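Open the model in your viewer and keep the sequence panel visible. The stops below go from one selection to the next.

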Amino acid sequence: MKNKISVPTESQSQIAVVNWFHVQYPTKVIFAIPNGAWLHGTKLQRIQQANKMKREGLLKGVSDLFIAVPRNGLRSSHGLFLEMKREGETASSISDEQRLFLDQMFALGFDAHWAAGFDQAKEIIEKYMKEVI
């Protein structure tokens, strides 16, 4: 029987990225945008929570992480939005809303990317931060 190699979940990869970022750039700010948060309670309570969140400004497709660090250089940027996906995922796993959000943020002067797993996210962040530091 062959052993299956376990691929980290999207959540596990995101946690690893945030922890790594805090070690590498302790004076810089990264935060999660919990758009995909799991709601608890009865069906009615979950509907009420979702409706409240929408009224508060919940926007479908917003990226998972934001690095609030402006960048100068060849292409200046106001910050970096990063949509996390599970390692091995392809561009087809990005929803239309997520793709639209990334495109809109790029047009507004932000860097906006998606990453499949920790290694891709780390590479994107390192490239971005090279022009910051």
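Select Glu126 in this predicted model: at 31% relative accessibility, Glu126 counts as partly exposed. Add Lys122, which is also partly exposed, at 28%. The two side chains form a salt bridge, 3.8 Å from N to O. Both residues sit in helix α4 (residues 118–130), four residues apart, and are separated by about one helical turn.

Next, select Asp111 and Arg71. Their salt bridge has its closest N and O atoms 3.4 Å apart. Asp111 belongs to strand β4 (residues 111–116) and Arg71 to the loop between β2 (65–67) and β3, so the pair ties together parts that are 40 residues apart in sequence. Both Asp111 and Arg71 are buried.

Move to strand β3 (residues 80–85) and pick Glu83. Is Glu83 buried or exposed? Its relative accessibility is 2%, so Glu83 counts as buried. Show the side chain of Lys85 as well: Lys85 and Glu83 meet in a salt bridge of 3.7 Å, N to O. Lys85 is buried too, with a relative accessible area of 9%. Then add Gln98, whose side chain makes a polar contact of 3.0 Å with that of Glu83. Expanding the selection around Glu83, leaving out residues up to four places away in sequence, brings in contacts including Glu10, Val62, Leu102, His113 and Trp114. The model has five salt bridges in total.

Last, select helix α2 (residues 43–55). Its 13 residues reach 18 Å from first C-alpha to last, close to the 18 Å expected at 1.5 Å a residue. Just after α2, select Gly57, which takes a positive phi of about 115°.

Conventions:
Residues are numbered from 1 along each chain as its sequence is written. This is a predicted model: local features need pLDDT of at least 70, side-chain atom pairs count only at pLDDT 80 or more; totals for chains, interfaces and linings use all residues. Side-chain values use heavy atoms; hydrogens and water are left out. Helices (H or I, at least four residues) and strands (E, at least two) are DSSP runs, numbered from the N terminus. Buried means under 20% relative accessible area, exposed over 50%, partly exposed in between (1.4 Å probe, protein chains only). A polar contact is a pair of N or O atoms within 3.5 Å; within protein, one must be able to donate a hydrogen and the other to accept it, and residues adjacent in sequence count only if both atoms are side-chain atoms. Contact means heavy atoms within 4.5 Å. The expected span of a helix is 1.5 Å times one less than its number of residues. A salt bridge is a side-chain nitrogen of Lys or Arg within 4 Å of a carboxyl oxygen of Asp or Glu.
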